[in-house]
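User: I would like a close look at a single part of this protein, followed by an account of how its surroundings are built. Please keep to what the coordinates support.

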There are 2 protein chains.
Amino acid sequence: MAAQSWLHIPTDSHFSLSNIPFGIITTPDSQVPHPAVAIGTYALDLAVFTENNGFSGLPEFQAHLSVFSQETLNAFAALGQTVHRAVRRYLQSVLTEGSPHAALLQSNSGLRQKVLFPLGDIHNHLPMQIGDYTDFYAGKHHAVNVGTLFRDPKIALQPNYTHLPVGYHGRASSVVVTGTPLVRPSGQILDNPAADPKVPIFSPSRRLDIELELAAFVCKCNKLGAPVPITDAHEAIFGIVLMNDWSARDIQAWEYVPLGPFGSKNFQTTISPWVILADAMAPFMAKGLENESSLLPYLQEKKVDNMYDLELQVNLTSKQSNTKCKGAIQQTITKTTSRNLVWSFPQMLTHHTVTGCPMHVGDLLGSGTISGLDASERGSLLEQTSGGKVSMKLNGGEERKFLEDGDTITMTGWCGESGALVGFGDCTGTILPAVSL
Amino acid sequence: MAAQSWLHIPTDSHFSLSNIPFGIITTPDSQVPHPAVAIGTYALDLAVFTENNGFSGLPEFQAHLSVFSQETLNAFAALGQTVHRAVRRYLQSVLTEGSPHAALLQSNSGLRQKVLFPLGDIHNHLPMQIGDYTDFYAGKHHAVNVGTLFRDPKIALQPNYTHLPVGYHGRASSVVVTGTPLVRPSGQILDNPAADPKVPIFSPSRRLDIELELAAFVCKCNKLGAPVPITDAHEAIFGIVLMNDWSARDIQAWEYVPLGPFGSKNFQTTISPWVILADAMAPFMAKGLENESSLLPYLQEKKVDNMYDLELQVNLTSKQSNTKCKGAIQQTITKTTSRNLVWSFPQMLTHHTVTGCPMHVGDLLGSGTISGLDASERGSLLEQTSGGKVSMKLNGGEERKFLEDGDTITMTGWCGESGALVGFGDCTGTILPAVSL
Ligand SMILES: [Ca+2]
Ligand SMILES: [Ca+2]
Ligand SMILES: [Mg+2]
Ligand SMILES: [Mg+2]
Ligand code: NI
């Protein structure tokens, strides 16, 4: 049985003592964004904890205390995995019943009141300053499904797919934290794809979609021209978040050949609030999807269990269902697992740097949409509705092909056992109507 | 005739009194990067000039003096075009013979010695901190040429090409300033494209290429979900630089379908050192290439002369020619003009934000490769050698299909009349051999 905290932590909390995820918050006491960890139903304010000698029991960290008075986690991330591990384990011990550090917080009610804030009382902010954001395409079932819809099913997977982690550069400036509303994007769409010549119209997107992804934050730089060997790549992963790569399928279909998705993706990308450290995920690794090609040596990992093993879920709450008399009906539209990936984050990072591209602390790598084989396991509506041809039935009698104004999407993910769950917290956003230009 | 400076400015200098481009330098006196302008054969150190009351003749700028003690131009850029214009014109007047500000610098030999550094004595650094970098594809002749080589000539231009500025997100972290050497990238290439199945090898790129581009820095933010109307877009352009979007064609060919270029581009992108302000380019606007499609209203500009009118040139110096006995032979391999674009930077910016994408001060927008119709006017070797089929003859008897180790590429660009030239300074880089993993 896992160690117990002296704090009451509900057994179904994703922020058990086994987790200790890091984020950036503002509190009723401080409107300047600063670091915190989530524990049970609380945020532990690391700025206040540090100011009050909270790290006095961790002598080797004394030189680095200033990282917890920063507005992002970049400075903490840059200290490297050895420090992340030491800090996480120290905080676990501070929060554990019967720990040698009991005097510090458990029996210090004055400090407890200053550092522990109910999660409902704080606001989350972007955990990192993101220099560059890259989105990969490592969800193989997703790639097959989309390739079949957008292109000839016989070449659903391009010849390169099993040889390299296909990816594209995304837009760092539009990555936002959970809760940020999504204004329905407008852009060029092809009303009649069969017409010749093809002439687009300008319209709010009619095929607004989600993409269920994991994403990893980078904690180690490499120099321009100096690739990161696969054996070192795991050290460059700070931790992971859930990501909704909102996508406008009609804008995408018209714009994406030949240089890839652009306005159909860059309007907003939402991530969950708390970064689960690589250290916390270490016990939850599994084998991913089989890759039928033999890999070039630079992409070969020694360990077979190279994928995070998380349960993932997407919920939709419709505006119609969200009325005072009925209460919101949150309906699960996707259940899948992050084992449905064919490339690991270390493989993505090594491939990303192989031509010499420099990574910076705070860079974000998206996994690509995660889908299972069954219809109920698909991480995008595009796949669930066969490209908008088949409606999805919602419980209240509503139907959906793509998202409607007022819909709220909430993604969740977790691993571990009841009482020792490790999860992200919600990755959520509500669709607002398009604005006129 | 243009106003004359009391400084000796060679008539062929690209940094005439009509220019006053801004950059970031270190000097023998200060190793901390800081702002400067280029004038003739000198850099005028704006940090030292500011400390010594250089802006005492510009009262409305007193509140903003701290922007010239920053390590990038972002803070200055964020002040907006009205301030850029006032500062540029003030500096012009300080440097003009017979100006009312003569006491300030012209007749103050002590200050002259502290603020004017020969360009050979300073180092240039990246002028802006680049949040996000986007590369467009607005060189229509280039798009036709490349489409013909990579795809069916009948669909060389995709149906979307004339309706929207096609672009993709690039890698901000690998944008470097002129003079940075380029390590030849290695990656996956398809040695035998006809084989079935297609199996890549790992190799240094054998088809290392250049792309001659203009690029614009952004000086105005827009909020997430709030597009920039075309009528406001010109105000968001801080100024322009030359850009070499180095490209590994063999890596590109294998990786780019379906999500666009990735490792073939993200290894390095080189820009020229000095930003020519939008104000300096105002007299040098012309009509670009005809667009046969009628544009959707959001992309329609009022003015017909919406393109910068610059002469552009690419020079190659081979290692072989660069020996002590002969001296380097710099050979011009491309001459063209920036009128060979079909989309303007304001159109690119408006399209970029139309779905709601936020721009930040310091973001960089590349024009796409600029090529004329003739072989001698093509901005990439791919085009000049018909996809590597026809060798380019160099003067010393050498031939080239793509770049060889030791080759130096130097791009230049200018407009205006002798004695009043407005140019960038060199955008240059030398190819170093590939490193082994
Ligand atoms: Ca995606
Ligand atoms: Ca380019
Ligand atoms: Mg997105
Ligand atoms: Mg490049
Ligand atoms: Ni960026």
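Where is the place of Arg207(B) in chain B?

Analyst: The model is a predicted one. In it, Arg207(B) sits in the loop that joins strand E11 (201–204) to strand E12 (208–209) of chain B. With a relative accessibility of 28%, Arg207(B) counts as partly exposed, because the partly exposed class lies between the limits of 20% for buried and 50% for exposed. Apart from its neighbours within four places in sequence, Arg207(B) is in contact with Ser247(B), Ala248(B), Arg249(B), Asp250(B), Leu382(B), Gly387(B), Gly388(B) and Phe402(B). Phe402(B) is 195 residues away from Arg207(B) in sequence, yet the two C-alpha atoms are 5.3 Å apart.

Several of these contacts lead to other elements of chain B. Ser247(B) and Ala248(B), both touched by Arg207(B), bear the numbers of strand E15 (247–248). Arg249(B) and Asp250(B), also among the contacts, fall within the range of helix H7 (249–255). Leu382(B), a further contact, falls within the range of helix H10 (381–384). The buried residues of helix H5 in chain B pack against that helix H10. Helix H5 covers residues 140–150, and its buried residues are Lys140(B), His141(B), His142(B), Ala143(B), Asn145(B), Val146(B) and Gly147(B).

The loop before strand E15 brings the metal sites into the picture. Asp245(B) lies in the loop between strand E14 (237–244) and strand E15 of chain B, and at 0% relative accessibility it counts as buried. Asp245(B) is a donor to the magnesium ion (ligand 4), together with Lys265(B) through its O atom and Thr269(B) through OG1, at 2.3 to 2.7 Å. Along the chain these donors follow the spacing D-x19-K-x3-T. Asp245(B) and Lys265(B) link distant parts of the chain, being 20 residues apart, and Lys265(B) is placed in the loop between helix H7 and strand E16 (269–271). Lys265(B) is likewise buried, at 7% relative accessibility.

Asp245(B) also serves the calcium ion (ligand 2), whose other protein donors are Asp135(B), Glu211(B) and Glu213(B), at 2.2 to 2.3 Å. The spacing of the calcium donors in sequence is D-x75-E-x1-E-x31-D. Asp135(B) belongs to strand E6 and Glu213(B) to strand E13 (residues 212–218) of chain B, so this pair ties together parts that are 78 residues apart in sequence. Asp135(B) is buried, with a relative accessible area of 1%, and Glu213(B) is buried at 0% relative accessibility.

In chain A, Glu211(A) offers a view of the contacts around residue 211. Glu211(A) is located in the loop between strand E12 (208–209) and strand E13 (212–218) of chain A, and it is buried, with a relative accessible area of 4%. Its side chain makes a polar contact of 3.2 Å with the side chain of Thr369(A). Not counting residues up to four places away in sequence, Glu211(A) touches residues including Asp135(A), His142(A), Asp245(A), Ser247(A), Arg249(A) and Lys265(A).

The loop between helix H7 and strand E16 of chain B, which holds Lys265(B), also contains Pro258(B). The peptide bond from Val257(B) to Pro258(B) is cis, with omega near 10°. In chain A, the bond from Val257(A) to Pro258(A) is also cis, with omega near 10°.

Some of the elements named above take part in the contact between the chains. Chain B and chain A each contribute 64 residues to it. About 5600 Å² is buried between them, with 65% coming from carbon and sulfur atoms. His169(B), Leu259(B) and Phe262(B) supply 15% of the area that chain B buries against chain A, more than any other three residues. Four salt bridges are found across the interface, and one salt bridge joins the side chains of Asp363(B) and Arg171(A) at 2.6 Å, N to O. There are also 30 residue pairs in polar contact across the interface. On the side of chain B that touches chain A, the elements that each supply at least two residues include strand E6 (133–136), strand E11 and helix H7. Strand E11 is the strand that precedes the loop of Arg207(B), and strand E6 is the strand that holds Asp135(B).

Conventions:
Residues numbered from 1 in each chain as written. Chains lettered and ligands numbered in written order. Predicted model: local features only at pLDDT ≥ 70, side-chain atom pairs only at ≥ 80, totals over all residues. Heavy atoms only, no water. Helix = DSSP H or I, 4+ residues; strand = E, 2+ residues; numbered from the N terminus. Buried < 20%, exposed > 50% of the residue type's maximum accessible area, 1.4 Å probe, protein only. Contact = heavy atoms within 4.5 Å. Donors = N, O, S within 2.8 Å, 3.2 Å for Na, K, Ca; no water. Buried area = accessible area lost by both parts, 1.4 Å probe. Polar contact = N/O pair within 3.5 Å; in protein donor to acceptor, adjacent residues only side chain to side chain.
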